[in-house]
Amino acid sequence: ARCVIIPIYSGTGTCIKTIEAISVNRPFVSTLCGVRGLEKDLQHGRDYLLATNDQEFVDNVVSLIERPDYGAELAKNALNCAKEKWSVEKFNEIVTKSIS
């Protein structure tokens, strides 16, 4: 897939579709609900593209299709963020600090 589309407008918790898109190194277009729980670390325009309505989804997906290098950069940034913030090593570090 050229990109992942995450049109989640309601719900709770972290959206697994977002984690999946990041883990397979694909750029993604998402609503704020789709990045819930991750929004402190992921930034629109750096790690993914934000859409607040249907037209923004269309515009952003077309942008990723027309600019594959930009999509690759977004995907790389999101994956690097995940490795830095949510890796097993980072988890272990946080747990170790909390029980020390």
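This is a short tour of a predicted model, moving from its cysteines to its nonpolar cores and then to two buried residues.

**The cysteines**

Start by selecting Cys3. Its nearest cysteine sulfur belongs to Cys15 and is 15 Å away, and Cys3 is in no disulfide. Cys3 is buried, with a relative accessible area of 13%.

Next select Cys81. Why does the sulfur of Cys81 form no bond with the closest cysteine sulfur? That sulfur is in Cys15, 16 Å off, which is too far for a bond, because a disulfide needs two cysteine sulfur atoms within 2.5 Å. Cys81 is also buried, at 8% relative accessible area. For the model, the count of disulfides is zero.

**The largest nonpolar core**

Keep Cys81 selected and add Cys15, since both belong to the largest nonpolar core, a set of 12 residues. To show the rest, add Ile6, Ala21, Ile22, Phe28, Val35, Leu38, Leu42, Tyr48, Ala78 and Ala82. Which elements give two or more residues to this core? They are helix H1 (16-23) and helix H3 (68-86). H3 supplies the largest share, three residues.

Another core, of nine residues, lies apart from this one; select Val61, Leu64, Tyr70 and Leu74, which are among its members.

Return to the largest core and center on Val35. Leaving out residues up to four places away in sequence, Val35 touches Thr18, Phe28, Ser30, Leu42 and Tyr48.

**Ser30**

From Val35, step to Ser30, which is in strand S2. Is Ser30 buried or exposed? Ser30 is buried, with a relative accessible area of 0%. Show its surroundings: beyond four places in sequence, Ser30 touches Ile6, Val35, Tyr48, Leu49, Leu50, Ala51 and Phe57. Of these, Ile6, Val35 and Tyr48 are members of the largest nonpolar core.

**Asp47**

Finish at Asp47, in the loop between strand S2 (28-30) and strand S3 (49-50). Asp47 is buried, with a relative accessible area of 0%.

Turn on the side chains here. What does the side chain of Asp47 make a polar contact with? The partner is the side chain of Arg46, at 2.6 Å. Now display the backbone of Gln43: its nitrogen lies 2.8 Å from a polar atom of the Asp47 side chain.

Last, select what touches Asp47 from beyond four places in sequence: Phe28, Asp41, Leu42, Leu74, Asn77 and Ala78. Phe28, Leu42 and Ala78 belong to the largest nonpolar core, while Leu74 belongs to the core of nine residues.

Notes
Residues are numbered from 1 along each chain as its sequence is written. This is a predicted model: local features need pLDDT of at least 70, side-chain atom pairs count only at pLDDT 80 or more; totals for chains, interfaces and linings use all residues. Side-chain values use heavy atoms; hydrogens and water are left out. Buried means under 20% relative accessible area, exposed over 50%, partly exposed in between (1.4 Å probe, protein chains only). A nonpolar core is a set of buried Ala, Val, Leu, Ile, Met, Phe, Trp, Tyr and Cys residues joined through side-chain atoms within 4.5 Å. Helices (H or I, at least four residues) and strands (E, at least two) are DSSP runs, numbered from the N terminus. Contact means heavy atoms within 4.5 Å. A polar contact is a pair of N or O atoms within 3.5 Å; within protein, one must be able to donate a hydrogen and the other to accept it, and residues adjacent in sequence count only if both atoms are side-chain atoms.
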